[in-house]
Amino acid sequence: MIEKDFIPKPYTNSIENGSVTWSSPSNIALVKYWGKKAHQIPENPSISFTLNNCKTITNLSFTTKEKEGKFSFEVYLDGEKKDDFKPKIETFFNRVELYVPFLRNYHFKIETSNTFPHSSGIASSASGMSALALCLMSIEKELKGDILEVDFIKKASFLARLGSGSACRSLEGDIVVWGSHDKINGSSNLFGVKYPYTVHQNFKNYQDTILLVDKGEKQVSSTVGHNLMHGHPFAQERFKQADKNLSDCITILKDGDLDKFTALVESEALTLHAMMMTSMPYFILMKPNTLEIINKIWAFRNKTNSKVCFTLDAGANVHVLYPESESMRVLEFIKNELVAYCQNGQYICDVIGLGANKL
Ligand code: DP6
C-alpha cells in the first residue's frame with residue numbers, strides 16, 4: 001500500500017454531531033525506533049510489546065461548524081483545559097487532514113485521561129495519539145457507512161503514526177512490528193502490523209514493571225532526538241543493526257530463548273541511549289538511579305539465574321521485563337532492592353496486552 005491509498009472516496013453519509021470513545025494502551029519497544037525520514041517514515045523497523053494497564057482514554061465529541069475555516073478544537077486532560085496540548089494536535093491535524101478530510105467541518109472537544117500518573121515520565125504520546133486516531137476513524141466509519149475491520153485498524157495505525165511514530169504500534173496486541181522488513185510478511189513503513197509468526201509460551205503474559213526513576217519533563221524530546229540521527233556518525237550501522245536484531249527476534253520469539261531475548265533487549269536499550277550520547281549535541285536521559293537499577297538487575301540475575309531483564313525508552317525510567325512464572329520472586333526483588341531508586345517509591349505493574357478498545 002502507498003500513502004495515496006488512504007485518501008478516502010467522497011463520503012456517502014452526513015452527520016451533524018456525535019461522540020466516540022476509545023481506550024488505547026502504551027507499548028514498549030524491544031527493537032527501537034530511533035531516527036526517521038520525512039513524513040514519519042522510520043529509518044529502521046521496530047517491534048514492541050503492547051501494554052495492558054498503561055492506557056489513554058479519549059472521548060471525541062464533534063458538532064458541525066457554520067463555516068469550514070480553521071481547525072477548531074479544545075482539549076481537556078482529566079477535565080482540565082489543556083491549551084499547551086494544542087500545538088501537537090494542530091500538527092497532527094495538519095498531517096492527517098488529507099486522509100480524514102472532515103476535520104474542518106466540525107468543532108471537536110477532546111477529553112482525555114490516562115490510567116498512569118500524569119507526568120510520570122511514561123510516554124503518553126503512543127497511547128494518546130493512537131486513541132485520538134481511533135476516534136477519528138470511528139467518525140470516518142459513520143461517514144462512509146461501513147469499513148472492514150482490517151482496513152479500519154490499518155488506517156487508524158497509519159493516522160496514529162503521523163501523530164507519533166510509536167503510536168502506530170499501540171492499536172493491536174500482543175506484539176506489533178512497524179517498518180518494512182524482508183522477513184516479516186505484510187510489514188510496512190506506513191503502519192504497524194500484528195506480529196505474524198509463532199510466539200513461544202514463555203512470552204505469554206510477559207510482565208513489565210515500570211520503575212519511575214524520574215517523573216520530570218524530559219530535557220530533550222523524542223522528536224528532537226530522532227532528528228539528531230541525521231548525519232549521526234553511527235546512524236547507518238545502527239539502522240542495519242536494528243534490521244538484523246529484528247531478524248534475530250523472530251527466532252528468539254519462536255524458540256522462547258530468554259537468555260538470547262535478554263541480550264537482544266538490553267543491547268537495544270543501551271544502544272538507543274548510546275545514540276543519544278553520541279549525537280551532536282549529545283545528551284543523556286538516564287539518571288544515576290537508572291544505572292543503579294541496571295546493576296542491581298545484573299547482580300540479581302547472576303546470583304539467581306533469573307530471566308529478568310530491562311529495557312529503556314527515551315527517558316530515565318526502567319522497564320523491568322520478566323516471564324509470568326517469575327512474577328512472585330521478581331516482584332519481591334523489586335520491592336526489596338529497586339523501589340529505593342524510584343521517585344517517591346513509585347512503580348507500575350503492567351503486562352503484555354491485546355490493544356485498543358472502543359468504549
Ligand atoms: C525511544 O514515537 O515518541 O520510545 O515519532 O517523534 O513522536 P515521534 O517519536 P516517538 O519515539 C519513540 C522512541 C522510543 C523507541 C520506540 O518506541 O520504538
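This passage describes the ligand site, the aromatic ring pairs and several single residues of a predicted model.

The model is predicted, so that local features need pLDDT of at least 70 and side-chain atom pairs count only at pLDDT 80 or more, whereas totals for chains, interfaces and linings use all residues. Residues are numbered from 1 along each chain as its sequence is written, and side-chain values use heavy atoms, with hydrogens and water left out.

The surroundings of the ligand are taken up first. A residue is counted as near the ligand if one of its heavy atoms lies within 4 Å of it, and of the 17 residues around the ligand, Y33, K36, S164, G165 and S166 come nearest. The residues of this shell divide into 5 nonpolar, 8 polar and 4 charged, where Ala, Val, Leu, Ile, Met, Phe, Trp, Tyr, Cys and Pro count as nonpolar, Asp, Glu, Lys and Arg as charged, and the others, Gly among them, as polar. Helix α4, which spans residues 222-227, gives the most to the shell, with 3 residues; helices (H or I, at least four residues) and strands (E, at least two) are DSSP runs, numbered from the N terminus. Both domain 1 (3-198) and domain 2 (206-351) contribute residues to the shell, and the ligand therefore lies between them, the domain bounds being those of an automatic or database domain assignment.

Polar contacts to the ligand are pairs of N or O atoms within 3.5 Å; within protein, one atom must be able to donate a hydrogen and the other to accept it, and residues adjacent in sequence count only if both atoms are side-chain atoms. An N or O atom in the side chain of S164 is 2.7 Å from an oxygen atom of the ligand, a polar side-chain atom of R169 also lies 2.7 Å from a ligand oxygen atom, and for a polar side-chain atom of Q40 the separation from an oxygen atom of the ligand is 3.3 Å. On its own the ligand has 460 Å² of accessible area, of which the protein covers 93%; accessible areas come from the Shrake-Rupley method with a 1.4 Å probe, and for residues only the protein chains shown count as cover.

Q40, which takes part in one of these contacts, is found in the loop between β2 and β3, and its phi is near 60 degrees, a positive value in a residue other than glycine. H39 lies in the loop between β2 (36-37) and β3 (41-42), and its phi is likewise positive, near 60 degrees, in a residue that is not glycine. With a relative accessible area of 6%, Q40 is buried, whereas H39, at 61% relative accessibility, counts as exposed; here buried means under 20% relative accessible area, exposed over 50%, and partly exposed in between (1.4 Å probe, protein chains only).

The aromatic residues form a further group of features. A pair of aromatic rings is described by the distance of the centres and the angle of the planes. Rings of Phe, Tyr and Trp (its six-membered ring) pair if their centres lie within 6.5 Å, and planes under 30 degrees apart count as stacked, over 60 as edge-to-face and the rest as tilted. By this rule the count comes to 22 aromatic pairs. In one of them, Y106 and F108 are edge-to-face, at 6.1 Å centre to centre and with 65 degrees between the planes, and both residues are buried. The rings of Y195 and Y197 have centres 5.7 Å apart and planes at 85 degrees, so this pair is edge-to-face. Y195 is buried, with a relative accessible area of 8%, while Y197, at 29%, counts as partly exposed. Ring pairs also link Y11, F62, F71, F73, F92, F93, F102, Y106 and F108 into a cluster.

Two cis peptide bonds may be described next. One joins G173 and D174, with omega at about -15 degrees, and D174 lies in the loop between α3 (149-163) and β8 (175-178). In the other, the bond from M280 to P281, omega is near -5 degrees, and P281 is found in the loop between α6 (258-277) and α7 (288-304).

Finally, some residues may be placed by C-alpha separation. I334, in helix α8 (residues 327-338), is buried, with a relative accessible area of 0%, and its C-alpha atom is separated by 46 Å from that of I147, the two being 187 residues apart along the chain. E16, in the segment before β1 (17-31), is exposed at 57%, and the C-alpha atoms of E16 and F62, 46 residues apart along the chain, are separated by 8.2 Å.
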